[in-house]
Amino acid sequence: MSPPTVQPPPPVLEALPAHEATVGGGMLVRRALPHRLRRRVGAWCFLDHYGPVTLAAQDAGMRVGPHPHMGLQTVSWLYEGAVLHRDSLGSLQLIEPGQLNLMTAGEGISHAEESPAGHPPGLHGLQFWIALPESRRHGTAAFDHHPKLPLIARDGLAMTLIIGEALGERSPAKVYSDMAGLDIVCQDNGARRLPLDPAFEHALFLIEGEMTLEGQAMAPGTLYYLGLGRESIALGNRGHARAFLLGGVPMQEDVLLWWNFVARNTEEMQKARAEWESHAARFGEVHGYAGPRLIAPELSTRLKTR
Ligand code: MN
């Protein structure tokens, strides 16, 4: 008698619709992370997709006034347009498509982001946060601009590795968890398998065009969570299409998000909130932004990690 065949569990494939939110300047975004059913993918803990929108020359475009961060890195990645970054370290940096802005908040930093004067008409991009591990979250703040990133061509895909490691390449951007962030453009129509690191959990977000994932049509504005342990995924497309792949080793720490902060408990949040509102040196000062700093919301409830 032969032993019973044990079927492995089917790989996870969860479709998580983003919700709409507005950010500075009234700009509408699709917020894919955190999701009620999925707080993080590796150390990736926040994902906004904005645009594409067409701005008239007189439109202010993006206007996000000075605000603080702690315990996280911000990752800015553009498909169209330009965004001007200013921070409390004195950085003043224009970002354009194909470039990465990476800001490491550590214990505290503040910044502002705006469409520059004489901006181009289009605006389309992604804004991510990466949760910092305990070993780095209390450290000093830093800002880096990366105009050149590894480009990977394979099976009709033109990819840019913006964060971490994938497909034998490594991004120059300094991160503190094992992870990957890969921009994927489908150049040729077709179907192919993209190798993944099975030690990572992954998720895929469609940016534009028509694509299939594991044979299923991808809906726009939806994050497809792929779980851990996959060796590869099947990607198909018809015509020009673009997606973004997030991956990373699942974070074991109890990460808490509130407003613009990542911490571990409510007391840390209350302290950071009070220090921002009292203009404490911790978050510094952003110079040169023509507008008010953002006011922290009230925090009266106890926050729970999930
Ligand atoms: Mn910010």
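This briefing describes a metal site and two pockets. The structure is a predicted model. A manganese ion is held by three named histidines, His67, His69 and His111. The largest pocket encloses about 780 Å³ of space, and the second largest has a volume of about 320 Å³.

**Manganese site**
- The ion is coordinated through the NE2 atoms of His67, His69 and His111, at 2.1 to 2.2 Å.
- Along the chain, the donors are spaced as H-x1-H-x41-H.
- His69 belongs to strand 5 (residues 63–69) and His111 to strand 10 (residues 109–114), so this pair ties together parts that are 42 residues apart in sequence.
- His69 has a relative accessibility of 2% and therefore counts as buried, since buried means under 20%.
- His111 also counts as buried, because its relative accessibility is 2%.

**Largest pocket**
- The volume of the largest pocket is about 780 Å³.
- This pocket is lined by 35 residues, of which Arg31, Phe46, Trp129, Trp259 and Asn260 are the closest to its centre.
- Elements that contribute two or more residues to the lining include strand 2 (19–23), strand 3 (27–33), strand 4 (44–54) and strand 10.
- Strand 5 contributes the most to this lining, with five residues.
- The lining comprises 16 nonpolar, 11 polar and eight charged residues.

**Second largest pocket**
- Among the 21 lining residues of the second largest pocket, Gly164, Glu165, Ala166, Arg170 and Met179 are the closest to its centre.
- Strand 14 (157–166) and strand 16 (179–186) each provide at least two residues of the lining.
- By class, this lining has 12 nonpolar, four polar and five charged residues.

Conventions
Residues are numbered from 1 along each chain as its sequence is written. This is a predicted model: local features need pLDDT of at least 70, side-chain atom pairs count only at pLDDT 80 or more; totals for chains, interfaces and linings use all residues. Side-chain values use heavy atoms; hydrogens and water are left out. Donors are N, O and S atoms within 2.8 Å of the metal (3.2 Å for Na, K and Ca); water is not among the atoms, so sites may look incomplete. Helices (H or I, at least four residues) and strands (E, at least two) are DSSP runs, numbered from the N terminus. Buried means under 20% relative accessible area, exposed over 50%, partly exposed in between (1.4 Å probe, protein chains only). On a 1 Å grid over the protein atoms alone, a cavity is a set of points where a 1.4 Å probe fits but cannot get out, and a pocket is an open set with protein on both sides within 12 Å along at least five of seven lines; lining residues have an atom within 4 Å of a point. Grid points are joined across faces, edges and corners, and a volume is the space filled by probe spheres set on the points. Ala, Val, Leu, Ile, Met, Phe, Trp, Tyr, Cys and Pro count as nonpolar, Asp, Glu, Lys and Arg as charged, and the others, Gly among them, as polar.
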